[in-house]
Amino acid sequence: MDVKGRLSRFLIITVATVAIMLLYNYAYLIVEPLHLQKTIDYILTNLIICLPIFIVLLLLHKPKDFFSQLGLDGNILTGMVFALISTLPLFIAFPIIGKFNNELTFEHFLRTDALAALFEEVIFRGFIFGQFFRYSKIGFAWAVLIPALLFGSLHLYQGNDLMSSLMAFGVTFVGGIYFSWIYWKWNFNLWCPIGLHFFMNLSWMLFTVEGNTVAEGSVISNVFRIISIVVAIVITIVYSRRFKKPAM
């Protein structure tokens, strides 16, 4: 692809990214008056947020390539098994240092874990990072910076003051880079970061541990989160050395 083609794709993806962030702030205004059940409300809101994704992918690529452009055609079983093994330190440690959360409901789990992991990874890794990195050719550092900053900004609300908000931003910013790197190294199989996102959130929901009500966590919970990340990185490095990544 020539420079002009890359520039045009960059501008189109940038406009779509801006539209997505605007919809993150205002899509609820469309759905809220409908007074839907919470989970249906959440799904519909996120589908509206994803409208720029549908439009741009159908504009830039063939319809048959829609799922492959997001990495949703990857092996689901591979992604889930990798993610589960990587997050085992959390599921082993949290029952010991914390206690089971008896107040967790299926609706809360579905909305804030399963669906959140799916939609956030589709938007920030599958589309924003994936399209910038794979087709704008701006390099990994720039391609990963944009979604990581946006991903982190969405978690500022989890802080109770300026410092805790900045900590929440920092943790999720680094998490955005981590998930994007995983997505890239696993040959753009989006189920790998979806699985990690899902199981990490699930461990925090199933068990009440000091600091797990906010993104930045506590010292003890972060120790095991770091161990989980290291496990995932080691597995990924071994995998990437054995299997050649497809040509960019």
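A salt bridge here is a side-chain nitrogen of Lys or Arg within 4 Å of a carboxyl oxygen of Asp or Glu. We're working on a predicted model, where local features need pLDDT of at least 70, side-chain atom pairs count only at pLDDT 80 or more, and totals for chains, interfaces and linings use all residues. Residues are numbered from 1 along each chain as its sequence is written, and side-chain values use heavy atoms, with hydrogens and water left out.

**Exercise 1.** Work out how many salt bridges a search of the whole structure finds, and say whether Glu 121 is buried or exposed.

Step 1. The search turns up three.

Step 2. Start with Lys 64 and Asp 65, whose closest N and O atoms are 3.4 Å apart. For burial, the cut-offs are under 20% relative accessible area for buried, over 50% for exposed, and partly exposed in between (1.4 Å probe, protein chains only). Lys 64 is exposed at 67%, while Asp 65 is partly exposed at 21%.

Step 3. Next, Glu 107 pairs with Arg 111 at 3.4 Å, N to O. Both sit in helix H7, four residues apart, about one turn of the helix; helices are DSSP runs (H or I, at least four residues), numbered from the N terminus. Glu 107 is partly exposed at 30%, but Arg 111 is buried at 16%.

Step 4. Then comes Glu 121 with Arg 125, at 2.7 Å, N to O. Glu 121 is buried, with a relative accessible area of 0%, and Arg 125 is buried at 0% too.

**Exercise 2.** Find which helix gives the most to the largest nonpolar core.

Step 1. Set the rule: a nonpolar core is a set of buried Ala, Val, Leu, Ile, Met, Phe, Trp, Tyr and Cys residues joined through side-chain atoms within 4.5 Å.

Step 2. The largest one has 36 residues, and those with the most contacts inside it are Ile 53, Leu 70, Ile 123 and Phe 127.

Step 3. Helix H7 gives the most to this core, with ten residues.

Step 4. Zoom in on Phe 127: leaving aside neighbours within four places in sequence, its contacts (heavy atoms within 4.5 Å) include Ala 16, Ile 20, Ile 53 and Leu 70.

Step 5. Don't miss the second, separate core of 23 residues, which includes Ala 83, Tyr 178, Phe 198 and Phe 207.

**Exercise 3.** Decide whether Ile 92 is buried or exposed.

Step 1. Locate Ile 92: helix H6.

Step 2. Its relative accessibility is 55%, so Ile 92 counts as exposed.

Note on methods:
Helices (H or I, at least four residues) and strands (E, at least two) are DSSP runs, numbered from the N terminus.
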